[in-house]
Amino acid sequence: ESKPRKIGVGRAQAAVPGAKYANNEVKTSKYTVYNFLPKNLFEQLHKFGNVYFLILSVMMYLGEHTTLFIGTIASFSTFGTLCMMMSVTAAVALIDDRRRYLADVETNNQTAHYVPPSASEQKEKKWKDVKVGDILVIKDGEELSADF
């Protein structure tokens, strides 16, 4: 059973006891400087073709450097091709994610017009700083987030 929410219109979020709302910042990028390599490798190694060629490269390496069986093809050729393809895929993902990040920054820094609770004239703030309960002034032709 869902409980009704109380939203204080025209007042700060803090004025509503126990209210916890998400911020208004848009984030569609999925990588950071710290998680790009592990997250991208994790995603790429969930593709059957990449895992297949990785296992094939390991088997070819074992054939070259052990007496388990005779390896006739150099493992470097398969592993090198796999690394090159995964590097290209990672570069494309990085470029795409960078574009999403820049679009997020642009959206978050757009100007929103609002009327503060204690004033009668409108003021401006960034879209990412809009809070639940803010009274927004929407002008003709102005873009508006889909969650409003």
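**Entry 1: N50.** I looked up N50 first and found this residue in helix 2. I kept in mind that the model is a predicted one. I then asked whether N50 is buried or exposed. N50 has a relative accessibility of 15%, so I entered this residue as buried, the cut-off for that term being under 20%. Leaving out residues up to four places away in sequence, I listed Q44, L82 and M86 as the residues that N50 touches.

**Entry 2: helix 2.** I next checked the length of helix 2, which runs over residues 48-65. With 18 residues at 1.5 Å a residue, I expected a span of 26 Å; the end C-alpha atoms are 26 Å apart, so the two values agree. Which residues of helix 2 are buried? I noted N50, S57, M60 and G63. These residues cover an arc of only 145° around the axis, and I therefore placed them on the same side of helix 2. I also looked for what covers the buried residues of helix 2, and my list includes helix 1 (36-44) and helix 3 (75-108).

**Entry 3: the largest pocket.** I turned to the largest pocket, which holds about 350 Å³ of space. I recorded 17 lining residues for this pocket. Those nearest its centre are S29, Y31, T32, D97 and Y101. Which helix gives the most to the lining of the largest pocket? I found that helix 3 does, with seven residues. By residue class, I entered the lining of the largest pocket as seven nonpolar, six charged and four polar residues.

Conventions:
Residues numbered from 1 in each chain as written. Predicted model: local features only at pLDDT ≥ 70, side-chain atom pairs only at ≥ 80, totals over all residues. Heavy atoms only, no water. Helix = DSSP H or I, 4+ residues; strand = E, 2+ residues; numbered from the N terminus. Expected span 1.5 Å × (residues − 1). Buried < 20%, exposed > 50% of the residue type's maximum accessible area, 1.4 Å probe, protein only. Arc of directions from axis to C-beta. Contact = heavy atoms within 4.5 Å. 1 Å grid on protein atoms, 1.4 Å probe; cavity = no way out; pocket = protein on both sides within 12 Å on 5 of 7 lines; lining within 4 Å. Points joined across faces, edges and corners; volume = space filled by probe spheres on them. Nonpolar A, V, L, I, M, F, W, Y, C, P; charged D, E, K, R; others polar.
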